[in-house]
Amino acid sequence: TTWLFLLVCSTSKSVCSLFIFLFTTQHNKLSKMVAISDSLAWELTKKNTSFMRKVNGRTKRSGSVKFSVEKGNAKNLSLFKYSGLANSKVVDVVFTDGNGAAIVTKTASKAGTQPSKAIVSTPMNKHFRRSEKNIKNAAAGTYYRPDLTDDLLAKYTKVYSANRIAKGVKKALPMKKGRN
């Protein structure tokens with residue numbers, strides 16, 4: 001007999017990890033746990049996860065847009081390229097307490113079964129240009145995820161400007177009220 005278990009864990013650092021276990025039994029004892037590939041994890045989770053938000057919109061094929069709110073998803077789109085659950089290499093820019101930002105990176109597979117040890121968070125408390133350089137080094141400089149560099153820089157720009165407004169350094173733009 002063979003069983004397949006899907007387990008989504010969240011830790012105190014609000015980091016989500018997907019563990020898919022394939023157990024086989026021999027003589028009523030669990031005998032083997034098998035790791036699976038990223039593409040298989042995506043095929044199992046692409047249609048429906050608890051992190052998916054479907055919004056009706058106008059696209060050419062489906063008529064709706066699928067967003068994903070999982071941690072580690074750089075663009076919050078439900079695509080394999082950006083998935084924080086299905087990919088073994090994950091990079092993301094997130095808000096932190098105290099109006100700051102941080103780069104979140106999933107580490108090596110040695111800590112694959114321990115989600116709290118598998119995530120490294122690097123605070124971005126420096127000037128914008130230094131933080132931009134750190135993001136480029138984290139994504140493309142180490143050949144980790146060079147395809148996500150532009151998306152991470154775009155997300156950091158929004159996080160940085162929102163933090164400046166929250167700290168009171170920059171004023172928020174007034175709301176347009178239409179014609180007078």
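Which helix lies across strand 6 and strand 7, and at about what angle does that helix run to strand 6? Before selecting anything, note that this is a predicted model, in which local features need pLDDT of at least 70 and side-chain atom pairs count only at pLDDT 80 or more, while totals for chains, interfaces and linings use all residues. Residues are numbered from 1 along each chain as its sequence is written, and side-chain values use heavy atoms, with hydrogens and water left out.

Select strand 6 (91-96) and strand 7 (100-106), taking helices (H or I, at least four residues) and strands (E, at least two) as DSSP runs numbered from the N terminus. These two strands pair in the antiparallel sense over six bridges, where pairing requires that DSSP finds at least two bridges between the strands. At T96, look across to its bridge partner in strand 7, G100.

Add strand 8 (119-123) to complete an open, antiparallel sheet of three strands in the order 6-7-8. Strand 6 and strand 8 each have a single partner strand, so one side of each is left without a neighbour in the sheet.

Now show helix 3 (149-167), which answers the opening question: helix 3 lies across strand 6 and strand 7 and runs at about 5 degrees to strand 6, with axes fitted to C-alpha atoms, for helices over the stretch in contact, and angles from 0 to 180 degrees between N-to-C directions.

Finally, select L152, which, leaving aside neighbours within four places in sequence, is in contact (heavy atoms within 4.5 Å) with A74, V91, D92, V93, I135 and A139.
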